[in-house]
Amino acid sequence: MNRFLGFIKKEFLHIFRDYRTLFILFGIPAAQILIFGYAVSMDIKNAGIAFLDLSHDEITMELTDKIISSGFFKKTETLLSYSDVDKVFKKGKTKAVIIFESNFGKKLVSEGKASLSIIADGSEPNTATLVTNYTTAIVNNFNLRFAGDASLNSVRIQPEVKMFYNPNLKSHFMFVPGVITLILILICALMTSVTITREKEFGTMEVLLVSPLRPIQIILGKVMPYFILSFINVILILALSWFVFGLPVKGSMVLLLAESMLYILMSLTLGILISTLSGTMQQAIFISLIGLMLPSILLSGFIFPIENMPKVYDYVSMIMPPRYFIVIIKNIMIKGTGLAYIWKETLILIIMTAVFTGISVRKFKIRLE
Amino acid sequence: MNNAIESSGLSKSFGSARAIRNISFSVDESEIFGFIGPDGAGKTTLFRIITTLLLPDEGYVKVLGMDSVTDYKKLRKEIGYMPGRFSLYQDLSVEENLSFYATVFGTTVKENYDLISDIYSHIEPFKKRLAGQLSGGMKQKLALSCALIHKPRLLVLDEPTTGVDAISRAEFWTMLGKLRKHNITILVSTPYMDEAMRCDRVALIQKGEILAVDTPRKIMLGFSRKLFSVKATEKYRLITALRQFPATITAYPFGDSVHATFTGDIVDPGLYDHLKNNGVTHVSVNETEAGIEDRFLELMNKTA
């Protein structure tokens, strides 16, 4: 036992001596959360919008005001003719142009119908979709009120959309769980695989092998410090997203932390597996970064829904551990569900951990070959 | 006296490359046994088999009465191993390295301090310094202290003096000599022929095969001819000229002279003229005693 504690102490010394390791451990997750939370926001705020009002009446003015005062848009310019539309997009500040046809107000009152065009800058498809959706919503809203007091003889079905769990469709709800999932697997797998291959590269593994330390003690000794640090990391990320974005944990905190521990453990054993497959630190870094990061981002359902992918990718994503943890963490954090709804995913993670540990211990060489 | 190491017919290949071939030797308890040979001779492979880090393809080695393959767990507790690259943690201090190895081997620095005090006292003033910032000689002393800290019965040192300055090398051998009184068997390898003299017995190893095993004295006496030390102003021209001389058998550079052997073990009077004709001046020829290196080269040529 003393041996083991001595080994762990040594590992902590390595971590605390190396500022880069510490930075990767704690700096990157915080940076990721803030970057994803602010910069990569999918919400629109103050998007540039221009107006081409060919009618200039009370109703078009009112509608224009409504759009601008919604807070999502900022008026950039007032255009005078169709030919200006292209020009204003080329300047780059304007994401959409709203065009009211001539005699908009008159037509609306006399015929109960008038048309309005929303032209969006399609070179940024995400923004374009968002902008058109937002403006359509505002117009619909206005429409309803206007029609409400105008005539009651036409029957209309008006769907009322309500978003459960995330009423404002805030993208933090998607990014925070995603980033936690991504960061944990990357850091845990990267760190453990690098620290083990480092011993191989510097030749210290030779002496460790000749020592009475058992393989399981070496592996556990390598894993334990990162387990503790990663767990602290989870708490920090959760605290950060609570204070900065006001993102609550709806479900049980205990369950969330327990599931995180499981996921950390799984990632660490994956790291050990990587280290047994690679002889040098470079190889280990390469496998962890390229082999894990891209598939984790693309195939875990973090950004792109798995349901929309071709079947092949769906099967591939089944072996990606992040896929399951994302479901778990979203369920607990956002929906507030309990273990009853996520036991399947939890079980899969447990099996993965067991398999990785089994292979690692078997593949861990008690000799140099 | 028991044998500390006894090996028979050890062979090991890596793919198609044969690292060692049919190695048999035995080491007595508490002796300093040296493996002398150039880089790539198979010293490291042999030491890794002895320290249970590699499995032999053929043959066996019994270390301290235990089989290197089946008893590896027990054996690992008794061995102190210092690999060719000093296996130290560069980002840990001198003190931390030592106490880490002590705990890993289930002991404390205090417990076996008397064993390492001779060596460790040299670096103790720098105990707070990171191992990565030590000089080669200090690293070597620290690595030796780390290998000794659990009082092993067998100390295996793989090229401990490579990359270390001459003074540290001499100091190092003095320290090894002092360890003798603690009944520790020492197995050491080196590419430096002059260090062979500090061993009780040596094995000359070349291309994975042992050429000879004996005391350094007897190995030197094994030299079969009379050896002449030839000196002149231009050594390179001297060697070329000597090698062109018909009666020359061998001519190798040795320090600032050339060691040569001649047919009939005599210096042919025609040699001086031959050298003069080749532009070699200030020639002096003296009979000299053969060293380990001379014997090594002789043995090497016989097998080639």
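User: When do two strands count as paired?

Analyst: Two strands pair if DSSP finds at least two bridges between them. Strands are DSSP runs (E, at least two residues) and helices are runs of H or I of at least four, numbered from the N terminus. In chain B, four strands form an open sheet, ordered β12-β13-β11-β14, with antiparallel pairing. This is a predicted model: local features need pLDDT of at least 70, side-chain atom pairs count only at pLDDT 80 or more, and totals for chains, interfaces and linings use all residues. Residues are numbered from 1 along each chain as its sequence is written, with chains lettered from A and ligands numbered from 1 in the order in which they are written.

User: Which strands of chain B are the edge strands?

Analyst: β12 (248-254) and β14 (284-288) of chain B; each pairs on one side only. Five bridges join β14(B) to β11 (227-231) of chain B. B:Lys231 has B:Ser284 in β14(B) as its bridge partner.

User: Which helix packs on the sheet?

Analyst: Two residues are in contact if their C-beta atoms, placed from the backbone, lie within 7 Å. Helix α8 (235-244) of chain B touches β11, β12 and β13 (257-262) of that chain. Angles run from 0 to 180 degrees between N-to-C directions, with axes fitted to C-alpha atoms, for helices over the stretch in contact. The direction of α8(B) makes about 165 degrees with that of β12(B).

User: How many residues of chain A are in contact with chain B?

Analyst: 21 residues of chain A, facing 22 of chain B. α1 (2-17) and α8 (204-210) of chain A each supply at least two residues of the chain A side. α1(A) gives the most, with eight residues.
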